[in-house]
Amino acid sequence: MNKIKKLLNKFFFLLYFKFLYKPNYEFNEVDEIAVIGRGKSANYYFEKFQNSPKIVALVNFTDQDLKEIDIQVLKNKEIFLFFNIEGNPLSLKYLLSLNIKGLMRTSNDDYGLYKKRKDYKRLNILQKLYLDRLPKYPKHLNDFMYLGNGGLISIVYMINYFKPKRVLLFGFNFYQSKMISNSSFSNSVNEDSTVLRKAGVKLIQNFIHICNSFNNIEFQRYDDTQIENVSNLKQINTGF
């Protein structure tokens, strides 16, 4: 039953993208944006941060993630959705509930022989069709594809698109603590999950590189996992 539901979600997602999706290509520069990953501190945004920026990016969110939060917080926001190669879509229920202004795949066919990668080859025909229909990551940002993480790549895209003065980050714990949903694929992040934690160390280094690359932007990271300090990075504990 779960497999059928996922297939239906992909089918309805393609219909939504084809017939209902109305992107806005006339954005101006903004003072601040919010980018929300799936780390546990994302809950701080949905429970405590009611007056957030109007522009909000959701990275790799699933139905289960949204089911466990107050989606009304996003009611008056302009939402950008980012998806990785796994291609898990939101159901039509959430697609119609959110004010979606942008959809983006955090991968690019022209980078690193994408379609020859093992993870792409493992996808079935429907998954490949689904991914290939989503807007591809801009070629002029290929220099940042080395980041190798949907969340980090999404941050770069949002900075390039909106030219903000401040970027507010929630749910970016770099696999050093729990995820927003107990059913998330990484709910095993604990004291014993050394593989993910080691991978997270590299992600932290890449995130610091983003901060240094855009040193004219103030980054505000809301999470209890402390990382290296840089001059334009403000770290705020959340209690989550």
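**Exercise 1. Placing Ile-210**

Task: State which element of this predicted model holds Ile-210, and decide whether Ile-210 is buried or exposed.

Solution.
Step 1. Ile-210 belongs to helix 8.
Step 2. The relative accessible area of Ile-210 is 0%. A residue is called buried when this value is under 20%, so Ile-210 is buried.
Step 3. Apart from neighbours within four places in sequence, the contacts of Ile-210 are Leu-147, Leu-152, Ile-155, Val-156 and Phe-219.
Step 4. Ile-210 also illustrates how the fold brings distant positions together: Phe-144 is 66 residues away in sequence, and the two C-alpha atoms are 9.0 Å apart in space.

**Exercise 2. The length of helix 8 and of helix 7**

Task: Compare the end-to-end distance of helix 8 with its expected span, and do the same for helix 7.

Solution.
Step 1. The expected span is 1.5 Å multiplied by one less than the number of residues.
Step 2. Helix 8 has 20 residues, so a span of 28 Å is expected. Its end C-alpha atoms are 29 Å apart, in agreement with that value.
Step 3. Helix 7 has 13 residues and should therefore span 18 Å. The distance between its end C-alpha atoms is 18 Å, which again agrees.

**Exercise 3. Two helices in contact**

Task: Determine how helix 7 and helix 8 are oriented to each other, and which residues make their contact.

Solution.
Step 1. Two packed helices are described by the angle between their axes and by the distance between those axes.
Step 2. The axes of helix 7 and helix 8 come within 10 Å and cross at roughly 10 degrees.
Step 3. Angles under 35 degrees count as roughly parallel, and helix 7 and helix 8 are therefore roughly parallel to each other.
Step 4. Helix 7 contributes Leu-152, Ile-155 and Val-156 to the contact, while helix 8 contributes Leu-203, Asn-206, Phe-207 and Ile-210.
Step 5. Sorted by type, the contact residues of helix 7 and helix 8 are six nonpolar, one polar and no charged.

**Exercise 4. The cover of the two helices**

Task: Find how many residues of helix 7 are buried, and which elements cover the buried residues of helix 8.

Solution.
Step 1. Eleven of the 13 residues of helix 7 are buried, and the helix is mostly covered. Among them are Gly-150, Ile-153, Tyr-157 and Phe-162.
Step 2. Leu-152 lies in helix 7 and has a relative accessibility of 0%, so it counts as buried.
Step 3. Beyond four places in sequence, Leu-152 touches Leu-147, Phe-172, Phe-174, Leu-203, Asn-206, Phe-207 and Ile-210. The C-alpha atoms of Leu-152 and Gly-37 are 9.4 Å apart, although 115 residues separate the two in sequence.
Step 4. In helix 8 the buried residues are Gly-200, Leu-203, Ile-204, Asn-206, Phe-207, Ile-208, Ile-210 and Cys-211. Their cover includes helix 7, strand 5, strand 6 and strand 7.
Step 5. Ile-208 of helix 8 is buried at a relative accessible area of 6%. Leaving out residues up to four places away, Ile-208 touches Ile-227, Glu-228, Val-230 and Leu-233. The C-alpha atoms of Ile-208 and Ile-227 are separated by 9.0 Å.

**Exercise 5. Positive phi angles**

Task: Describe the phi angle and the surroundings of Lys-163 and of Phe-174.

Solution.
Step 1. Most residues other than glycine have a negative phi.
Step 2. Lys-163 has a positive phi, near 50 degrees, and Phe-174 also has a positive value, near 55 degrees.
Step 3. Lys-163 is in the loop between helix 7 and strand 5, whereas Phe-174 is in the loop between strand 5 and helix 8.
Step 4. Lys-163 is partly exposed at a relative accessible area of 44%; Phe-174, at 6%, is buried.

**Exercise 6. The chain as a whole**

Task: Summarise the secondary structure, burial and contacts of the chain.

Solution.
Step 1. The chain has eight helices and seven strands.
Step 2. Of its 240 residues, 53% count as buried.
Step 3. Among contacts with a separation of 6 or more, 64% are between residues 24 or more positions apart.
Step 4. The chain exposes about 12,400 Å², of which carbon and sulfur atoms supply 50%.

Note on methods. Residues are numbered from 1 along each chain as its sequence is written. This is a predicted model: local features need pLDDT of at least 70, side-chain atom pairs count only at pLDDT 80 or more; totals for chains, interfaces and linings use all residues. Side-chain values use heavy atoms; hydrogens and water are left out. Helices (H or I, at least four residues) and strands (E, at least two) are DSSP runs, numbered from the N terminus. Buried means under 20% relative accessible area, exposed over 50%, partly exposed in between (1.4 Å probe, protein chains only). Axes are lines fitted to C-alpha atoms, for helices over the stretch in contact, and angles run from 0 to 180 degrees between N-to-C directions. Angles under 35 degrees count as roughly parallel, over 145 as roughly antiparallel, 65 to 115 as roughly perpendicular and the rest as oblique. Contact means heavy atoms within 4.5 Å. Ala, Val, Leu, Ile, Met, Phe, Trp, Tyr, Cys and Pro count as nonpolar, Asp, Glu, Lys and Arg as charged, and the others, Gly among them, as polar. Accessible areas come from the Shrake-Rupley method with a 1.4 Å probe; for residues, only the protein chains shown count as cover.
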